[in-house]
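Take a moment to look at the sequence and the 3D structure side by side. Below is a friendly walk through three loop residues and their surroundings.

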Amino acid sequence: MRRLWLETNGLLSSASGPVDVVAIIKKLGFVQLDTIQNVSRAHHHILWSRHSKYREPMLDDLLSAREYIFEHFTHDASVLPMDMYPMWQRRFKRLKSSIDGKSWHKPDRVRDWRDVLIERITKEGPLSTKDFDSKISGKKQVWSRPPHKHVLEYLWYSGTLATSHREKFAKFYDLAERVIPEQYRETEVSDVEQIDWLCRAALDRLAVGTPKEIKEFWEAKDVEEVKTWIEENRESIVPIQWETDTGEWITSYALEDIEERIEKISSVPSRIKILNPFDPAVRNRTRLKSIFGFDYKLEVFVPAAKRRWGYYVYPLLEGDRFVGRIEAKADRKAGCLNVLNFWPEEGVKWGTGREKKLEAELSRFAQLAGLDSVNYGSLFQT
């Protein structure tokens, strides 16, 4: 199961040749976006983990091209392949319905601001939240935002607006018809076809999944819809059981080509890889622990005094095993990657061989962020 999961996530095979960012995104299904630039933002890091020649401007250029990928919300803000846009119509509807039912979202707020925002964007072109200056009324709460931000997000979630591009990660909104090519925007797909595609595509990218995991992959369908889909497609869906790291057996499903996929799994590489906390291979912490026995938590929102590890700690993957975790941070002004802490997994010995492999990976990681050097500190003196 370990190798199957890593193969499915593109972490076993060694990429060579030109970097095909779109192909990587299609294989993964989506790549999550994140604001934190600890070393390199999550989306850049995830792509780099599949091809070490990837560099940060590549994804930004693709998004600005408005041909190959679009940005929307899966479980979080993500970039997705443009050719799946027709299958995303039910996601627009579900998110709109969800927002309409929230207490903080008042219908009059949308009515009052919708026409104003759309008129300005129509006349002026792509705009960001900084181009508007509405104020928060009433008592300020932790997540309080001015009306224009609420309505921009509402129009974006519902598909009226789309992400035009980003500048220093600031999102610019434009009319969907000026961002999404007509061939994708005007394609009509029935709800049944959308459910079938979303379930099948999710299971393909999970390799093996429960109805709950299939549902959560895109968050564009309900568990009951997934169960119905499984029942209606028994001829192409295989029920299987797989053993977790603790010896428990879990009942799941796979597509009918599962045995062929297992036979074609790549050999396990010896390289150590630094993975991002939002990498699709580790994002589901429950699945991660079940498959690898690796207990991992991102502690960004945990008070410093209560953290077990650190603010932004990266899992270390060697072959098909997680062998440790490392805390590192970029000092872009100094052009240096600073290693702050390192923790080997229990039972994993760190000799000269592993040290050299980690040093090589840290050097590659620094190059992704445009850094010239690595400050190891007391890296192997733990």
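L371 lies in the loop that joins α15 (352-368) to β12 (373-375). Helices here are DSSP runs of H or I with at least four residues, strands are runs of E with at least two, and both are numbered from the N terminus. This is a predicted model, in which local features need pLDDT of at least 70, side-chain atom pairs count only at pLDDT 80 or more, and totals for chains, interfaces and linings use all residues. Residues are numbered from 1 along each chain as its sequence is written, and side-chain values use heavy atoms, with hydrogens and water left out.

Is L371 buried or exposed? With a relative accessible area of 6%, L371 is buried (buried means under 20% relative accessible area, exposed over 50%, partly exposed in between, using a 1.4 Å probe and protein chains only).

Which residues does L371 touch? Leaving aside residues up to four places away in sequence, its contacts are A330, D331, R332, G335, C336, L337 and A366; contact means heavy atoms within 4.5 Å. One of these partners, G335, is 36 residues away along the chain, yet the C-alpha atoms of L371 and G335 are separated by 4.5 Å.

Now for two loop residues with a positive phi. Neither K168 nor E219 is a glycine.

| Residue | Phi | Loop between | Relative accessibility |
|---|---|---|---|
| K168 | about 50° | β4 (161-167) and β5 (170-175) | 83%, exposed |
| E219 | about 55° | α11 (211-218) and α12 (223-232) | 22%, partly exposed |
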